[in-house]
Amino acid sequence: MTEINLLDRYPTSNRPIAEREASVTRERDVAKRFGREYFDGERTQGYGGYRYDGRWVPIAERFRDFYALTGAQRVLDVGCAKGFFMHDLRGVVPELNVYGLDISRYALESAMDDVRGHCVRGSADLLPFADDVFDLVISINTIHNLDLERCKQALREISRVSRKHAYVQVDSWLTDQQRENFERWQLTALTYFDPDGWQRLFDEVGYVGDYYWTITE
Ligand SMILES: C[S@@+](CC[C@H](N)C(=O)[O-])C[C@H]1O[C@@H](n2cnc3c(N)ncnc32)[C@H](O)[C@@H]1O
């Protein structure tokens, strides 16, 4: 169980916090449907255009090196959205068996051609896979979108289907200012804690994988 930032090469984004905050209550209901508006609508409703731009390539390299991934292994991305990370993992580890799961019909219908056949629709707290079938289960910025009980169940499910490694990244903060930014900015998170709170949750459910925080600067 290691606290490690494997997304340290992810580009920092410009967040118009005040602009979103003005409409945040109205936009939360829309965002939580994880439909077109969330991915490809206005920035106040979500990503404001979730398009492939290669930003996951250096992160895929980081995962490849940290977990010594090879083409013989099986990896699951829980909350895979349109499959950008899946695509780039396959790009840096040819023949890696990468699978994805997401709740969003819109995202999966828009998934990249080379990974669409390996994506399933479902929820992180009920993974449609047998025990111990993946060498690595990754879930980035997804399980905090479930309420507390379902978030706990998602961590149990991630542990159940992994025979080796797991990595989760969740919303958190290190300072009061970051917490304030997060609360003004976030649209979809239902379960969030400071790092100590997350670590207590990991202990409670027996999650022993790796983890890191998404901080709203
Ligand atoms: C912030 S996006 C992250 C997408 C991707 N992992 C990334 O980092 O770019 C959150 C994703 O979680 C998905 N999601 C929300 N609730 C979910 C659930 N219960 N089970 C699986 N995926 C879910 C959404 O559809 C969306 O694709």
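**Exercise 1. In what order do the 6 strands of the open sheet lie, and is the pairing parallel or antiparallel?**

Before we start: this is a predicted model, where local features need pLDDT of at least 70, side-chain atom pairs count only at pLDDT 80 or more, and totals for chains, interfaces and linings use all residues. Residues are numbered from 1 along each chain as its sequence is written, and side-chain values use heavy atoms, with hydrogens and water left out.

Solution. Step one: strands are DSSP runs (E, at least two residues), numbered from the N terminus, and two of them pair if DSSP finds at least two bridges between them. Step two: reading across the open sheet gives 3-2-1-4-5-6, with parallel pairing. Step three: look at the edges, where strand 3 (119–121) and strand 6 (210–215) each pair on one side only.

**Exercise 2. Find where strand 1 pairs with strand 4.**

Solution. Start with residues 74–78 for strand 1 and 134–140 for strand 4; they are joined in the parallel sense over 3 bridges. Then spot Val 75, which stands opposite Leu 136 in strand 4.

**Exercise 3. Which polar atoms lie close to the ligand's oxygen and nitrogen atoms?**

Solution. Use the cut-off for a polar contact: a pair of N or O atoms within 3.5 Å. First, a side-chain N or O atom of Tyr 50 is 2.9 Å from a ligand oxygen. Next, a polar backbone atom of Ala 124 sits 2.9 Å from a ligand nitrogen. Finally, Ile 140 brings a backbone N or O atom to 3.0 Å from a nitrogen atom of the ligand.

How values were computed. A polar contact is a pair of N or O atoms within 3.5 Å; within protein, one must be able to donate a hydrogen and the other to accept it, and residues adjacent in sequence count only if both atoms are side-chain atoms. Helices (H or I, at least four residues) and strands (E, at least two) are DSSP runs, numbered from the N terminus.
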